[in-house]
Amino acid sequence: MKIGIDLTDLQSDSATRGIGEVTKQVTNRLLGMLAKNNDVDKVYLFLYKENSKQVIELFDYPDNLEYAVEYYDNSEKKNTFSKKIFSDLFRKRDPRIDQLDVFLNFSLFGILPKTRNQYLVWYDMIPYTMYEVIKQYARSFPANQLKKNKLLMGIGKKITYFKLKKILKSAKHIIAISESTKQDILTMYPRLNKPVDVAFLGVTDLPSKPVINVDIKELPNKPYLLFVGGVDAKRELVQLVKQFENLKQAQHDIQLVFAGKHFSEIDKIPFEDIKEAIKTSQYKRDIITYGYISDEFKAELYKNAFIFVYPTLYEGFGLPLLEAMLNKTLVLTYNNSSLPEVGGKHAFYVDNGFEMASKLDEIFKISDAERKTRINDAYQYAKQFTWDKTAEKFYEILMQSKKSDGIN
């Protein structure tokens, strides 16, 4: 068997987000499993030439594993509007990939070659289900035109529907990261006629190899609400600031902490509304922003937070919930998509952002004994989600190719 793995999301903004973590953790374990399989002849890692050395060094390679690095044409990475619209029409077969027995693709909108044995990881249906919200915040010329015209918005959403369908149909097998994501696929495309398996993600309290070297920073000096993640349309961070202000007005002496690459400098936050909410807050001295942080410091932020708050309208899995639980931190999030599936009975839930302050006020009042019990129960629960289990499920799915095709 010849196995190919697409790693290009580790060369994009996704490297420091959930998709990058999935790619790193699963690939590192898969390499070890594939090395023990006598039927696997060689593993091919697909990248762009730029920054490839940095990505290759993220992984541990068993001595008995034969592998090679293959490079895409960097021109494929150009993200022009015309390329987005017409990429499906002009997509060519890559003979190197087409001769593989299995091609594992972690990237939803990365290189999607025409190949008969593509195993596609599918994270969520956000591009379609949240199309209007995403375009509302988009700043490009086409997006601005869409925002002004409901007819164009409808046409754009319809195009997205068919593009996602085409991508899904290009796969031999689909690996969804939650039951919620699987049901979204089957509901939207009931006639897809492709196998869809679920591989729950894992979580670890041991830092993965960092993509970027960063310095350890000082921790906040008051009890704090913590948000870790990116700034995008599905995250109601303006509402989080407002609810924090309500708590401050109710005499809670707390701080609000934002951590993630987009928060390196307040003036560089990509969305104007969250930037202005922080800059104009009467409590901005108690709002702390960190840029990209190491896994070590992220663990310290979790462990010392009063609670991790994740105000999101949709998630394919919601990995930060488990990260917080594993670091013995309470969690408050929304009751939608995969979040109740992932958080179970161990997270606190609200139906919308307007309910956050009142729920947080309730949480402040729980006894130390109850807090300790909830934290310990959530910790034991989160320990069940391991990257080893995730990788084992991936391996099981990939090896189905051998059984179905009779590969020797």
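Analyst: Buried means under 20% relative accessible area, exposed means over 50%, and partly exposed is in between (1.4 Å probe, protein chains only). This is a predicted model, in which local features need pLDDT of at least 70, side-chain atom pairs count only at pLDDT 80 or more, and totals for chains, interfaces and linings use all residues. Residues are numbered from 1 along each chain as its sequence is written, and side-chain values use heavy atoms, leaving out hydrogens and water.

User: What makes H10 mostly covered?

Analyst: Of the 13 residues in H10, 10 are buried. They are Leu237, Val238, Gln239, Leu240, Val241, Gln243, Phe244, Glu245, Leu247 and Lys248. H10 itself runs over residues 237–249; helices (H or I, at least four residues) and strands (E, at least two) are DSSP runs, numbered from the N terminus.

User: Which elements do the buried residues of H10 pack against?

Analyst: Quite a mix: strands S8 (224–228), S9 (255–259), S10 (287–290) and S11 (307–310), plus helices H11 (272–279) and H15 (356–364). Contact here means heavy atoms within 4.5 Å.

User: How does the reach of H10 fit the expected span?

Analyst: From first C-alpha to last, H10 reaches 18 Å, close to the 18 Å expected at 1.5 Å a residue. That expected span is 1.5 Å times one less than the number of residues. After H10 comes Gln251, with a positive phi near 75°.

User: Why is Lys234 called buried or exposed?

Analyst: Lys234 has a relative accessibility of 11%, so it counts as buried. Lys234 sits in the loop between S8 and H10. Apart from neighbours within four places in sequence, Lys234 is in contact with Ile126, Met130, Pro311, Thr312, Leu313, Tyr314 and Glu315.

User: And why does Leu152 count as buried, exposed or partly exposed?

Analyst: The relative accessibility of Leu152 is 36%, so it counts as partly exposed. Leu152 belongs to helix H8 (residues 150–169).

User: What makes Asn193 buried or exposed?

Analyst: A relative accessible area of 74%, so Asn193 is exposed. You'll find Asn193 in the loop between helix H9 (179–188) and strand S7 (196–198). Its phi is positive too, near 60°, in a residue other than glycine. Most residues other than glycine have a negative phi.

User: Where is Ser337 found, and what is its relative accessible area?

Analyst: Ser337 is in the loop between strand S12 (330–334) and helix H14 (339–343). The area is 27%, so Ser337 is partly exposed. Though not a glycine, Ser337 has a positive phi of about 45°.

User: Which residues touch the most other members of the largest nonpolar core?

Analyst: Leu104, Leu225, Phe258 and Ile274, out of 102 residues in that core. Helix H1 (residues 18–35) gives the most to this core, with 7 residues. Such a core is a set of buried Ala, Val, Leu, Ile, Met, Phe, Trp, Tyr and Cys residues joined through side-chain atoms within 4.5 Å. Among the residues that Leu225 touches are Phe244 and Leu247, both buried in H10.

User: How many residues of H13 are buried?

Analyst: In helix H13 (residues 319–326), 8 of the 8 residues are buried, including Leu319, Pro320 and Glu323. Just after H13, Lys328 has a positive phi of about 60°. Over the whole chain, 53% of the 408 residues count as buried.
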